[in-house]
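Here are my notes on this one, written as numbered points. Keep the structure open while you read and find each residue as it comes up.

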Amino acid sequence: MVGTSAANMSLPERSASTRASVLTDGMEKPLLDNRTYRVVRLPNDLEALLIHDPDTDKASAAMDVNIGSFSDADDMPGMAHAVEHLLFMGTEKVRQQVQ
């Protein structure tokens, strides 16, 4: 495993108050992995892992929320599960299923 630099992954120019800060642009990875990785902190303190794959013409996004049913308040069981459903209410797939 070796580290890599993500020099070709540039962030758009923005004012200092809206600019993401780079936490790392080199990560340990397998030798055969030609993707580049960068971890940034957004202005709202959300951390994001950016992955650039030069062999694809597709883009995707994913979100991992580190919370679940163990974080539910005692008087509101099931809240985490309900919020999970709310996250997908606006997606095209869910809209088609509801109609």
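**Notes on the predicted model**

1. Let's start with one residue, E47. Its relative accessible area is 47%, so E47 is partly exposed. Keep in mind as you go through these points that you are looking at a predicted model.

2. Which residue does E47 pair with? Its salt-bridge partner is R41, and the closest N and O atoms of the two are 2.7 Å apart. R41 counts as partly exposed because its relative accessibility is 30%. In case salt bridges are new to you: side chains of opposite charge can pair when their charged atoms come close.

3. Now the overall layout. The chain has 2 helices and 3 strands. Follow the sequence from its start and you meet them in the pattern β-β-β-α-α. How much of the chain is buried? Of its 99 residues, 11% count as buried.

4. Back to charged pairs: how many salt bridges does the whole structure have? A search turns up 4. One of them joins R38 and D25, with 3.9 Å between the closest N and O atoms. R38 sits in strand β2, while D25 is in the loop between β1 (21-24) and β2, so this pair ties together parts that are 13 residues apart in sequence.

5. Is R38 buried or exposed? R38 counts as buried because its relative accessibility is 8%, and the cut-off for buried is under 20%. Its partner D25 has a relative accessible area of 30%, so D25 is partly exposed.

6. Another salt bridge to look up is the one where the side chains of K58 and D57 meet, at 3.6 Å from N to O. Here both K58 and D57 are exposed.

7. D45 deserves a look for its backbone. What is unusual to check there is phi: the angle is near 70°, a positive value in a residue other than glycine. You'll find D45 in the loop between β2 (36-41) and β3. With a relative accessible area of 57%, D45 is exposed, because exposed means over 50%.

8. On to the pockets. The largest pocket has a volume of about 660 Å³. Its lining is made of 19 residues, and those nearest the centre are L49, L50, S60, A61 and A62. Sort the lining by class and you get 11 nonpolar, 3 polar and 5 charged residues.

9. The second largest pocket holds about 290 Å³ of space. It is lined by 13 residues, with V65, I67, A80, E84 and L87 closest to its centre. By class, this lining has 7 nonpolar, 3 polar and 3 charged residues.

10. Finally, colour the nonpolar side chains on the surface. Which residues make up the nonpolar patch? They are M63, V65, I67, M76, M79, V83, L86, L87, F88 and M89, and the patch covers about 990 Å². V65, I67 and L87 are among these residues, and they also turn up among those closest to the centre of the second largest pocket.

11. One last stop at V65. It is found in the loop between β3 (47-52) and α1 (79-87). V65 counts as partly exposed because its relative accessibility is 44%.

Definitions and conventions:
Residues numbered from 1 in each chain as written. Predicted model: local features only at pLDDT ≥ 70, side-chain atom pairs only at ≥ 80, totals over all residues. Heavy atoms only, no water. 1 Å grid on protein atoms, 1.4 Å probe; cavity = no way out; pocket = protein on both sides within 12 Å on 5 of 7 lines; lining within 4 Å. Points joined across faces, edges and corners; volume = space filled by probe spheres on them. Nonpolar A, V, L, I, M, F, W, Y, C, P; charged D, E, K, R; others polar. Patch = residues over 30% accessible without salt bridge, like charges linked within 9 Å, V, L, I, M, F, W, Y side chains within 5 Å. Areas by Shrake-Rupley, 256 points an atom, 1.4 Å probe, with all protein chains shown as cover. Helix = DSSP H or I, 4+ residues; strand = E, 2+ residues; numbered from the N terminus. Buried < 20%, exposed > 50% of the residue type's maximum accessible area, 1.4 Å probe, protein only.
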